[in-house]
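Trainee: Could you take me through this model and tell me what stands behind each term you use?

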Amino acid sequence: MLTSYYTVKTEGENEIVIQKSRFIAHVKRTPTEEEAQAFIQSIKKRHASATHNCSAYLIGEQDLIQKANDDGEPSGTAGVPMLEVLKKRKLKDTTVVVTRYFGGIKLGAGGLIRAYGQSVSEGLNATGIVERKLMTKITTQIDYTLLGKVENEIRSSNYLLDEIAYLENVSFTVLVNSGDEELFTEWITNLTSGKCEVTIHDQSYIEVDVDN
């Protein structure tokens with residue numbers, strides 16, 4: 001599993017007008033190729049009267065599945081430029097469909113490449129990008145006499161404090177970057193002079209917004 005990667009938040013769309021043609025970018029997170037294809041077909045059905053519904057997607061940790069479709073535009077002027085934007089933004093598991101309603105003015109090959117690239121870029125900005133980080137949940141139990149010291153140190157550290165449970169002992173649940181479990185355990189053990197009980201739990205991804 002990747003320790004971190006970028007993808008789109010969920011689903012969104014954005015419209016721009018270039019030389020009287022409407023370009024509507026539809027964006028969705030798609031963890032599988034089946035979901036990508038289903039999304040593309042749903043947009044084609046919704047915009048069946050459009051001049052073109054061009055698409056591109058990247059699927060998989062190593063981007064092993066990559067597809068681009070010009071849907072009637074001159075070869076290489078739509079799908080590939082759209083795919084290149086996804087690659088440049090280092091996105092994974094992402095599908096984009098750009099619907100074009102022709103406005104009567106031909107853009108030429110260069111104009112089309114710029115238009116489809118711009119449409120995808122602005123569509124991604126409108127939808128939002130997140131970084132998915134693989135984190136390990138770790139619980140640390142301490143005596144109440146150490147509560148203030150440990151809480152202050154955790155809050156001022158790079159570790160994410162998830163929960164505090166006030167039971168027979170105080171229990172801190174912290175999210176730690178995958179691979180830093182041993183580092184955290186050593187840090188908290190030194191902080192408490194060994195007066196703690198550390199339990200390492202499962203891993204999961206958390207999402208952090210990324211500025212466009």
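Trainee: What does helix α1 lie across, and at what angle does α1 run to β4?

Mentor: Helix α1 (residues 33-46) lies across β2, β3, β4 (52-59), β5 and β6 (94-101), and runs at about 165 degrees to β4. Helices (H or I, at least four residues) and strands (E, at least two) are DSSP runs, numbered from the N terminus, while axes are lines fitted to C-alpha atoms, for helices over the stretch in contact, with angles from 0 to 180 degrees between N-to-C directions. Helix α2 (residues 79-88) packs on the sheet as well, touching β4, β5 and β6, and its direction makes about 35 degrees with that of β4. This is a predicted model, in which local features need pLDDT of at least 70 and side-chain atom pairs count only at pLDDT 80 or more, whereas totals for chains, interfaces and linings use all residues. Residues are numbered from 1 along each chain as its sequence is written, and side-chain values use heavy atoms, leaving out hydrogens and water.

Trainee: Why are β2 and β3 called paired?

Mentor: Two strands pair if DSSP finds at least two bridges between them; β2 and β3 (residues 21-29) have 8, in the antiparallel sense, so they are paired.

Trainee: Why does aspartate 93 have no salt bridge?

Mentor: A salt bridge needs a side-chain nitrogen of Lys or Arg within 4 Å of a carboxyl oxygen of Asp or Glu. The nearest side chain of opposite charge, arginine 132, is 6.2 Å from aspartate 93, so that criterion is not met. Aspartate 93 is nevertheless buried (under 20% relative accessible area, 1.4 Å probe, protein chains only), and is found in the loop between α2 and β6.

Definitions and conventions
Contact = heavy atoms within 4.5 Å. Buried < 20%, exposed > 50% of the residue type's maximum accessible area, 1.4 Å probe, protein only. Lys, Arg positive; Asp, Glu negative; His and termini not counted.
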